[in-house]
Amino acid sequence: MSISLRAVTADNFDIVSELPLLPEQRDYLASNDYSMAQASFHPATMHTRAVYCDEDVIGFLMFVSPDEEDPPGYYQIWRFMVDHRRQGQGLGRAALGLALAEIRARPDARSIEICYKPGNANAKEFYASMGFVEKGMDADGNDMLAVIELS
């Protein structure tokens, strides 16, 4: 099996849009449709990726480059999901590893931040295993922020 990240295009948009979550996961993530629409208004800073296993779309990821209001080199992963039918197989770990490598390869990258709902124990454990360190709740008190410092 080969995992890759590819741009979301007209060819894979519908498949990404239809990727299912379990009902109990829906409270933890914005829909892929919402995320792709949001990114369409900010193409310079919001980067969408379809997660492929061989030639099958199995997930979605969106990361955000710093804009003029962010500290230099401050990247954020806003969305990450894997089709529930493909979870628990190491595919998400491989995909997130590719995303982290893509961000690390950017010459200005200094940190990568991700957030998750405090009650999502699976996300907490998964992101910690990928090197993210919790830094506290966001300003609204809704999401836990975790970061990987690169420099």
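A nonpolar core is a set of buried Ala, Val, Leu, Ile, Met, Phe, Trp, Tyr and Cys residues joined through side-chain atoms within 4.5 Å. With that term in hand, let us turn to the structure before you, which is a predicted model.

I begin with the interior. The largest nonpolar core holds 29 residues, and those that touch the most other members are Ile-77, Phe-80, Leu-96, Leu-100, Tyr-127 and Phe-132. Strands S1, S2, S3, S4, S5 and S7 each give two or more residues to this core, as do helices H3 and H4. The largest share, six residues, comes from H3. A second core, separate from this one, has 14 residues, among them Val-16, Met-36, Ala-50 and Val-64.

Allow me to dwell on Phe-80. Which residues does Phe-80 touch, if we leave out those up to four places away in sequence? They are Leu-29, Phe-60, Leu-61, Gly-92, Ala-95, Leu-96, Phe-126 and Tyr-127.

I now move to the largest pocket, whose volume is about 930 Å³. Its lining comprises 33 residues, and Phe-80 appears again here: together with Asn-120, Ala-123, Phe-126 and Tyr-127, Phe-80 is among the closest to the pocket centre. The elements that give two or more residues to this lining are strand S4 (74-82), helix H3 (91-104), strand S5 (111-116) and helix H4 (121-129). The largest share of the lining, seven residues, is supplied by H4.

Finally, what is the character of the residues in this lining? They divide into 17 nonpolar, nine polar and seven charged.

To conclude, Phe-80 belongs to the largest nonpolar core and also lines the largest pocket.

Note on methods:
Residues are numbered from 1 along each chain as its sequence is written. This is a predicted model: local features need pLDDT of at least 70, side-chain atom pairs count only at pLDDT 80 or more; totals for chains, interfaces and linings use all residues. Side-chain values use heavy atoms; hydrogens and water are left out. On a 1 Å grid over the protein atoms alone, a cavity is a set of points where a 1.4 Å probe fits but cannot get out, and a pocket is an open set with protein on both sides within 12 Å along at least five of seven lines; lining residues have an atom within 4 Å of a point. Grid points are joined across faces, edges and corners, and a volume is the space filled by probe spheres set on the points. Helices (H or I, at least four residues) and strands (E, at least two) are DSSP runs, numbered from the N terminus. Ala, Val, Leu, Ile, Met, Phe, Trp, Tyr, Cys and Pro count as nonpolar, Asp, Glu, Lys and Arg as charged, and the others, Gly among them, as polar. Buried means under 20% relative accessible area, exposed over 50%, partly exposed in between (1.4 Å probe, protein chains only). Contact means heavy atoms within 4.5 Å.
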